[in-house]
Amino acid sequence: MIARFCSFFCLLSLLNCNQFPKPGLPSDVAYSDEPHPRNVILMIGDGMGLTQVSAGMFRNGNKLNLEEFPVIGLHKPYSGSDLITDSAAGATAFASGVKTYNGAIGVNMDTLPVKTILEEAEERGLATGMVTTSSIVHATPAAFIAHEPSRELYEAIALDFMKTEIDFFIGGGMKYFAHRKTDQRNLYVDLQKKGYTVNDYTRKGLSEINLNESKNFAYFTAEDEPLAAAKGRDYLLLASHLAVDFLHTHGGSKGFFLMIEGAQIDWGGHDNNSDYIVSEMIDFDRAIGEILKFAREDGETLVIVTADHETGGFAINPGSTMDSLIAGFTTKDHTASLIPVFAFGPGSERFNGIYENTAIYTKLRQALGFEREMER
Ligand SMILES: [Zn+2]
């Protein structure tokens with residue numbers, strides 16, 4: 001029975017690889033007159049399907065900053081290996097425009113590295129940054145900067161940070177830099193040697209940090225994974241504010257690329273815990289409000305908010321009120337449903353409609369005016 005299930009599953013995976021059409025590349029022509037944004041901020045609510053958004057909205061007094069976004073689309077989140085994607089394949093699709101296998105970090109189906117939009121932005125002289133409420137080497141941020149065959153290779157992913165010139169990052173996972181098991185290197189010290197200002201939660205609170213915009217900046221919020229918002233984590237809004245402040249100055253006229261992740265909406269889904277989902281959703285939305293405030297004032301910033309996939313098969317069941325939700329879940333894993341994309345600012349129009357998750361990458365590159373250079 002197990003063998004039968006496996007062969008059926010494997011066959012299904014193979015069919016999946018072949019039956020889905022290759023992601024389309026929307027023409028530039030329709031948008032040729034559109035102004036290019038100088039800066040792009042991509043915000044990923046991990047595991048944030050429409051029910052997660054709805055639950056956060058109802059429990060937040062029927063209001064979210066997400067409602068301010070004028071352009072809304074939907075993306076198809078399936079991966080190269082599975083109809084149900086994981087965060088590694090999902091983030092690789094956003095970062096590099098390829099559908100790859102679940103677990104892949106910045107590599108294609110053949111485990112070959114694929115350049116990320118963050119690396120490309122860095123090459124073109126834009127300032128780059130990442131902020132997350134997970135460890136900084138977790139699947140979503142990792143796929144923007146690292147190239148590893150498996151998401152589990154946290155120490156190798158940390159080492160990949162040393163190979164880029166990312167200007168700013170804030171997240172957990174200090175142990176993968178400072179207390180490594182696979183080698184004796186101390187990447188915390190190595191980052192300092194590379195010219196970074198490095199700090200962490202044991203030495204200085206994020207609110208006490210005075211940024212020196214002439215040096216790259218790294219800050220660790222936890223030894224391993226950061227706390228849940230409900231248990232006292234409160235840095236996402238401040239970290240997002242510091243990131244745009246820093247990158248805006250650091251990037252100068254070239255602009256910047258920033259990825260901000262609300263990582264633990266997904267973990268609430270895996271726990272089938274609607275209170276966990278709601279508190280993380282509201283925390284993420286507060287950061288969205290901060291980013292929107294910047295983007296409105298700046299006028300040259302494209303903000304995209306989306307998710308890699310939905311988690312939990314989360315539903316709001318009959319008998320619920322706005323203050324008291326009766327949650328239902330179909331799984332402790334991810335699901336395959338279409339995922340909302342919210343867009344604000346110059347270049348936002350191209351995010352209308354229904355498209356592959358890989359089109360987020362293509363649309364971001366087109367909006368930024370990057371030509372296609374690599375054959376895949
Ligand atoms: Zn997950």
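Here is a walk through this predicted model, from the whole chain down to a single serine.

Let's begin with the overall picture. The protein chain carries twelve helices and 14 strands. It has 376 residues, and 52% of them count as buried. If you look at contacts with a separation of 6 or more, 72% of them come from residues 24 or more positions apart.

Now find helix H9, residues 236-251. Its 16 residues reach 21 Å from first C-alpha to last, close to the 22 Å expected at 1.5 Å a residue. Plenty of H9 is buried: Leu236, Ala239, Ser240, Leu242, Ala243, Val244, Phe246, Leu247, His248, His250 and Gly251 are on that list. What do these buried residues pack against? Their partners are four strands and a helix, namely S3 (127-135), S4 (168-172), S6 (217-220), S7 (256-262) and helix H11 (274-298). Just past the end of H9 you'll meet Gly252, with a positive phi of about 55 degrees.

H11, one of those partners of H9, can be checked for length in the same way. Its 25 residues should span 36 Å at 1.5 Å a residue, and the end C-alpha atoms sit 35 Å apart, so the two figures agree. A glycine follows here too: Gly299 comes after H11, and its phi is positive, near 75 degrees.

Another of the H9 partners, strand S3, is where you'll find Ser135. Is Ser135 buried or exposed? It counts as buried, because it has 27 C-beta neighbours inside 10 Å and the cut-off for buried is 20 or more. Setting aside neighbours within four places in sequence, Ser135 is in contact with Gly171, Gly172, Gly173, Tyr176, Asp224 and Glu225. Take Met174 as well: Ser135 and Met174 are 39 residues apart in sequence, yet their C-alpha atoms are 7.8 Å apart in space.

Finally, swing over to a helix pair, H3 (residues 87-96) and H12 (residues 358-368). Their axes come within 6 Å and cross at roughly 25 degrees. That makes H3 roughly parallel to H12, since angles under 35 degrees count as such. As for handedness, H3 passes H12 in a right-handed crossing. At the contact, Ala93, Phe94, Ala95 and Ser96 in H3 meet Thr358, Ile360 and Tyr361 in H12. Sorted by class, the contact has five nonpolar residues, two polar ones and no charged ones.

Methods:
Residues numbered from 1 in each chain as written. Predicted model: local features only at pLDDT ≥ 70, side-chain atom pairs only at ≥ 80, totals over all residues. Axes fitted to C-alpha atoms, helices over the stretch in contact; angles between N-to-C directions. Helix = DSSP H or I, 4+ residues; strand = E, 2+ residues; numbered from the N terminus. Parallel < 35°, antiparallel > 145°, perpendicular 65-115°, else oblique. Left-handed = near helix turned anticlockwise from the far one by under 90°. Contact = placed C-beta atoms within 7 Å. Nonpolar A, V, L, I, M, F, W, Y, C, P; charged D, E, K, R; others polar. Expected span 1.5 Å × (residues − 1). Buried ≥ 20, exposed ≤ 12 C-beta atoms within 10 Å, placed from the backbone.
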